[in-house]
Amino acid sequence: LNSNEQRKNYVNWIEEQRNYFNDSTHWLMNSIASKDNRSSNFFLYICQLLSIEQYLKEFKKDKNISIISENYFLIQFLKDNLKDKYDIKTPGGLNLFLFLEKLVIFFKGLLNYLKIIFYLIENYFFAKLSKTNKTSPPSGDVYLFHDLINSSNFKNSIVQGVIFGEYPNWLVDNNKTVKTLPWFYKNLKNKKNLYKNLRLKNAFIPEDWLGISDYINSLLNSFKSAFTINEKIKYQDIKLKNLIKTEKLLALSSKAAIFFRYIPSLKKWSVNLKSITYFDNYQNQIFEQPIRIGLRSLEIKTKSIGFYPTLHSKNFLSYHSTCNEWNSKSKPDIVACSNNLCKSTLSSQGIPENRIKIISDLQRYSFENINFDKKLSKNLLIILSLFPEVNAEMLNKIAHISDYLVDEIGLNITIRPHPYDKKANILKKLKWKNLPSKW
């Protein structure tokens, strides 16, 4: 199967969906729109179908072929698309199993919305509890960072996440007004301490600017977004109707409602501002979209910058796009990356070159002048992904030869967790109390 061709076909189909829904916020906040093939098997199922069709054409001499799958939705998808050409036999009771699977997914979605409602109520309560004075909207020119918070205990820095390094502190040292919009990859404990620290950092807290109607609208918009996929837009000659229906149900487990609340809060918070320069990670994910969408609707000067911190596999579909997709209100004005290799990779995946800028690596520890003298380095940096199984396999293999690397070669070994992860989680997965000696 030509995966490059299929990626292109899939991205074009996504663009047709965007145009059909007129670049609506409901479409942009849909899981399919983000093209995240880490959390959705939609594109994988299409590739599996096409691979099986290709095999069947090439090996016609095989009279009987068994396809074994524990996924009832994949079986139904294959049946939908192969039954007109081949004699298909499926497991008995397939329709019953499909109904039960859908019922489970629906109740998981319902439970997800109950968790989101609890999350919103809990954060609203602690935001109000930590508020000592009337909150006034900021004025002037602001640099706003979408800050990933991993702990209720804060370090001595304006921004707590590692994506932007020391850059926000450098801006503060140069008399710029820096604000943070916190978000949480996981629901953090000790909310009282969390909001106390957010107040000390003078963060942009959405709860300060929201009323009950804003929360209700965020929940309703999230629910509508889950079903904003058109079943009639063709993808080659593939029958997608049942697969799309399943994807709509799966989308009920999205956390989009949490991020929909950004749009009304940004409008109220920014009422006295002259300009906003907004920084976020760029992965084309649901958590990024609302602020960029909200910025487009403000009547002040705004600039949105999405930082691309490291290279990714070309199989990660979220970075693939058509040129026209960059007319969307959800896209950053600039995608910033740290070298020519990143720029050429992003450009080859569809981002217009005039939207890509090479900047200094924001994740470095110092913004002092750097000595670029070429010297043989004895430092080994291991950059980890968000997938714990992959990290565990790699670190175990390197630990196996650690004595050779450290004692005989003299390497200094440092690991860098993914920005959404932390050292404690890695050690727990590996069942290590500490990192190996001299790491």
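The following paragraphs describe a parallel sheet, the helices packed on it and a helix pair in a predicted model.

The sheet is open and consists of 6 strands, paired in parallel and arranged in the order 2-1-3-4-5-6. Its edges are formed by strand 2 (177–183) and strand 6 (356–358); each has a single partner strand, so one side of each is left without a neighbour in the sheet. On average, and with direction ignored, neighbouring strands are turned by 25° against each other. Strand 1 (residues 140–148) runs parallel to strand 2 and is joined to it by 7 bridges. One residue pair in this register is Val142 and its bridge partner in strand 2, Thr177.

Two helices pack against these strands. Helix 11 (residues 262–269) lies across strand 1, strand 2 and strand 3 (273–281), and its direction is at about 160° to strand 2. Helix 12 (residues 289–296) also packs on the sheet, where strand 2, strand 3 and strand 4 (301–307) are touched. The direction of helix 12 makes about 155° with that of strand 3.

A helix–helix contact is found between helix 14 (residues 388–400) and helix 16 (residues 423–430), whose axes are 10 Å apart and form an angle of about 70°. Because angles of 65 to 115 degrees count as roughly perpendicular, helix 14 and helix 16 are assigned to that class. Helix 14 contributes Pro388, Glu389, Ala392, Leu395 and Asn396 to the contact, and these meet Ile426, Lys429 and Leu430 of helix 16. By class, the contact comprises 5 nonpolar, 1 polar and 2 charged residues.

Notes. Residues numbered from 1 in each chain as written. Predicted model: local features only at pLDDT ≥ 70, side-chain atom pairs only at ≥ 80, totals over all residues. Heavy atoms only, no water. Axes fitted to C-alpha atoms, helices over the stretch in contact; angles between N-to-C directions. Helix = DSSP H or I, 4+ residues; strand = E, 2+ residues; numbered from the N terminus. Parallel < 35°, antiparallel > 145°, perpendicular 65-115°, else oblique. Contact = heavy atoms within 4.5 Å. Nonpolar A, V, L, I, M, F, W, Y, C, P; charged D, E, K, R; others polar. Pairing = 2+ DSSP bridges.
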